[in-house]
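Notebook open, viewer loaded. Today I want to look up the domains and then the ligand site.

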Amino acid sequence: MSLRPPAFSYTARGALHCESVPIESLARRYGTPLYVYSAAMVRARLKAFATAFHSSPHTICYSVKANSTLAILRLIAKERAGFDVVSGGELERVLRSSPKAASKVVFSGVGKTAQEMELALRSGILLFNVESASELNLLAATATRLKKRARIAVRVNPDVPAKTHPYISTGLHQHKFGVPIPESKNLYAEAATSPYLEVAGVSVHIGSQITDVATFQSALDRAADLVGSLRQQGHNIRYVDAGGGLGINYEGMQDNFEKQIASYARAVLKALRGLNVHLLLEPGRSIVGPAGVLLTRVLYRKTNHSKRFLIVDAAMNDLLRPSLYGAYHEIIPVSGRSRETETTDIVGPICETGDFFARDRKLPVANEGELLAILDAGAYGAVLASNYNTRGRPAEVLVDGARSKLIRRRESLQDQLSREKL
Ligand code: LLP
């Protein structure tokens, strides 16, 4: 049975595979908790984006924050994508995994430092998404000092509500992101006075895990109006950066990505029709989310009165999304043999009640020692891992066809202690 084609499926005998590799063998070889990613899935998602947007000149700038492991970035760069970064650290990761990708990098974020701007200017990135008047001043000063021209877009805040978790909605005036559209015009006028700033685009990003494509269209309609009026004022706007945010289907056992991406593309392209701009897209989750699982082993079964718990060896420090956002992740046994189901909580060893992956979940009865896979953990999984409770961050493996490769070794206690002094 195919679960997340072309990445994860059960064989006829009920063994969960990542592409052609039995997941069980990965757990034996690399231990648990373990992130397992499928290269084929990442490529398929990038290709689906390219196909959906083929009628418009565009660059996919994969949002590095979703999963920034070097081997994942290299895989994505090989598919000729660019990158969206939000820190000097993320830019360094891009440069190390694929030095040539610098010319396809957009730099977003509300708190860029002079040092980060300098790195980006020296690397020759494509575009700075400027988020405030003060940042624009600092960028102008930094670019002038280095005698390097910075291409800029103002990230506008379109005041469009996105139906998503409040922590990851960004496009309302009450949020810290972007500049209100009327005010942005002053920033463009200001930028045009600096010989080291080149006004080049308009940028908008309204949030993450958005599944209603009409929301993107409303935001981009406003961005398109702004492009028109900026052009009237003589600005040479060549780029529209539509941000990321396309949601994935965490709850279903299968999704129809081709259909979803086609309707997303229709909404985006409709809003930008006739503008003749180069479109930049910053997808993160929709590229890598379904390409990854977190593998974990059941340590103990436990019952407190009538409440059942499966205590597993992964915890909120490995995958924070359920604890932080109350996010739902499908959880399945690695051995798909048929058996009875039970209702149980799936929890980690960390000393917090908030350390859970699922509550009151109906699941095939899993024994102590069995492996479970937490699905759709490829985005905002490993990147959010921490050392809470002095736990080492998990190892990561990339599967490509019949091959698997350790792309990040498990963090040792020595790794954790090495920066400390007594
Ligand atoms: N561009 C900008 C400017 C962003 O802030 C983000 C995400 C993206 C692109 C990529 O969005 P995506 O396509 O992945 O939705 N940790 C949260 C998600 C935080 C998203 C932050 N910004 C989670 O686990 O749901």
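**Domains first**

I split the chain into domain 1 (2-38 + 290-417) and domain 2 (108-283), with bounds from an automatic or database domain assignment. The domains touch through 13 residues from domain 1 and eleven residues from domain 2, contact meaning heavy atoms within 4.5 Å. Over C-alpha atoms, I have the centres of domain 1 and domain 2 at 35 Å apart.

**Ground rules**

I'm working on a predicted model, where local features need pLDDT of at least 70 and side-chain atom pairs pLDDT 80 or more, while totals for chains, interfaces and linings use all residues. Numbering runs from 1 along each chain as its sequence is written, and side-chain values use heavy atoms, with hydrogens and water left out.

**Ligand site**

Where does the ligand lie relative to domain 1 and domain 2? It lies between them, because both give residues to the shell around it. I count 18 residues around the ligand (a heavy atom within 4 Å of it), and the closest are Ser208, Glu282, Arg321, Tyr325 and Tyr380. The shell divides into five nonpolar, seven polar and six charged residues; Tyr counts as nonpolar here, and Gly as polar.

**Polar contacts**

I looked for N or O pairs within 3.5 Å. The Ser208 side chain puts an N or O atom 2.4 Å from a ligand oxygen. Arg285 uses a backbone N or O atom, at 2.8 Å from an oxygen of the ligand. For His205, a polar side-chain atom is 3.5 Å from a ligand oxygen. The ligand alone exposes 580 Å², and the protein buries 91% of that (Shrake-Rupley, 1.4 Å probe).

Note on methods:
Polar contact = N/O pair within 3.5 Å; in protein donor to acceptor, adjacent residues only side chain to side chain.
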